[in-house]
Amino acid sequence: MPALAVGVPEELSARVPVEQREPGLDRDGVRLLVSRGTEVSHHAFAELPGLLRAGDLLVVNTSPTLAAAVDGRVGHARVVVHFSTRGDDGRWAVELREPDGRGTTRARAEMTGTTRARMDVTGVTRARAEEGEGVEGRGCGGLAGTRVRLPGGARLVLEEPLSARGERLWWARVSGAVVPALLREHGRPIRYSYTERDQPLSVYQTVFALPYADGTGSAEMPSAARPFTAGLVAELVSRGVQFAPVTLHTGVASAESHEPPYPERFAVPEASARLINAARAGDGRVVAVGTTAVRAVESAAGADGVVRARAGWTDLVVTPERGVRVVEGLLTGLHEPEASHLLMLEAVAGRAAIDRGYEAAVRGRYLWHEFGDVHLLLP
């Protein structure tokens, strides 16, 4: 999908949550853009119960947001470790970034050819690399063997890139600490440059988030669900709208390159599979709350469109060519015009609907990103 033709002015970035922008409002005080094909209407998010109907099913992600950013040092250089995903072997996929001086981070500087050559031919430099000294990033974080000193005496060692697609994310092994405990004690939520200030972790938790015994969760908030409040959920249930919980632990996104998602851990329980199949067999519409819920459900759907209980890893990337087998509607945030997530939106609603919706969002001064307004795509 070529980038959308619309340009998003910088002032349309939501820098703080709505309840801080406009005291007196709750999370559901954001705006809601509704697209039915190429027809667009404008609402408050609190009007959602009147836009759905009895028998509709909302698929929600129960993954909690982690305090996934931890300060560290590589030699004398300060770094910020973004913990992305826990592997089956106890390692974690991580990204090393550097502080940008404004409270957020940027990709680490590209390693020079001279430095890389020295790394390859001198044992002295290799030894320094293993101690974490004098090792610069390779555009996305580091080199195999790079050691990072973490708070509380913990150490992290980069072992191998997560994917052949690139070296932004690395599998790393942590010693001297259990990662979930390390994040609870020393971590903070990942923050991007368009936000105004650090926020407590509670700001990033959705009403659907559940704790997991192994301490896993999402490196980034499943943000489409953020505007829901307990009161709004109760009103939806009272009107006959059902909820199907699924899990997809979201890894860190690429703020710079908008690359497709990496494999992520997911689970669709038996009870939710039954609810989804029953809604499809009746008059209800299956509406995913967020792109993470789409990825989870579509990963559990067979070619026959039947959803079966599944758990494990998914590398599914939903595109217009692949299409969707189950999801009929999508509630999602507003994405950058070049974001890979837009392929999924096009698969659900078609390119014309996305173009028209985003043009209306810019004209209507909707706010972008995880603290911004939301977009409901309906058949």
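This is a short chat about a predicted model, covering its strands, a loop and a charged patch.

Q: Let's start with strand β13. Are its faces covered or open, and which residues sit there?
A: Both faces are covered. Val286 and Ala288 are buried on one side. Val287 and Val289 are buried on the other.

Q: Why do the residues split between two sides like that?
A: In a regular strand, side chains alternate between the two faces of the sheet.

Q: Which way does β3 run against β13, and how many bridges join them?
A: Strand β3, residues 57–61, runs parallel to β13. Three bridges join the two.

Q: Which residue in β13 partners leucine 58?
A: Valine 287 is the bridge partner of leucine 58.

Q: And how does β13 pair with β15?
A: In the parallel sense, over three bridges. Strand β15 covers residues 329–333. One link there is between alanine 288 and leucine 330.

Q: What comes just before β13? Where is arginine 285?
A: Arginine 285 is in the loop between α7 and β13. Helix α7 spans residues 270–281.

Q: Is that arginine buried or exposed?
A: Arginine 285 is buried, because its relative accessible area is 11%, and the cut-off for buried is under 20%.

Q: How far is arginine 285 from leucine 378?
A: Their C-alpha atoms are separated by 8.8 Å. Along the chain, the two residues are 93 apart.

Q: New topic: the loop between α10 and β16. What is the phi of arginine 365?
A: Near 60°. That is a positive value in a residue other than glycine. Arginine 365 lies in the loop between α10 (351–363) and β16 (374–378).

Q: Why point out the sign?
A: Most residues other than glycine have a negative phi.

Q: What about histidine 369, what phi does it have?
A: The phi of histidine 369 is near 80°, also positive. Histidine 369 is found in the loop between α10 and β16 too.

Q: How accessible are arginine 365 and histidine 369?
A: Arginine 365 counts as partly exposed, because its relative accessibility is 43%. Histidine 369 is buried, at 13% relative accessible area.

Q: Last one: which residues form the positive surface patch?
A: Arg73, Arg78, Arg147, Arg149 and Arg155 form it.

Q: Where is arginine 149 found, and how accessible is it?
A: Arginine 149 is in strand β8, residues 147–149. Its relative accessibility is 32%, so arginine 149 counts as partly exposed. Patch residues need over 30% relative accessible area.

Note on methods:
Residues are numbered from 1 along each chain as its sequence is written. This is a predicted model: local features need pLDDT of at least 70, side-chain atom pairs count only at pLDDT 80 or more; totals for chains, interfaces and linings use all residues. Side-chain values use heavy atoms; hydrogens and water are left out. Patches are made of residues with over 30% relative accessible area and no salt bridge: like charges are joined within 9 Å, nonpolar side chains (Val, Leu, Ile, Met, Phe, Trp, Tyr) within 5 Å. Accessible areas come from the Shrake-Rupley method with a 1.4 Å probe; for residues, only the protein chains shown count as cover. A salt bridge is a side-chain nitrogen of Lys or Arg within 4 Å of a carboxyl oxygen of Asp or Glu. Lys and Arg count as positive and Asp and Glu as negative; His and the chain ends are not counted. The place of a charge is taken as NZ of Lys, CZ of Arg, CG of Asp or CD of Glu. Helices (H or I, at least four residues) and strands (E, at least two) are DSSP runs, numbered from the N terminus. Buried means under 20% relative accessible area, exposed over 50%, partly exposed in between (1.4 Å probe, protein chains only). Two strands pair if DSSP finds at least two bridges between them.
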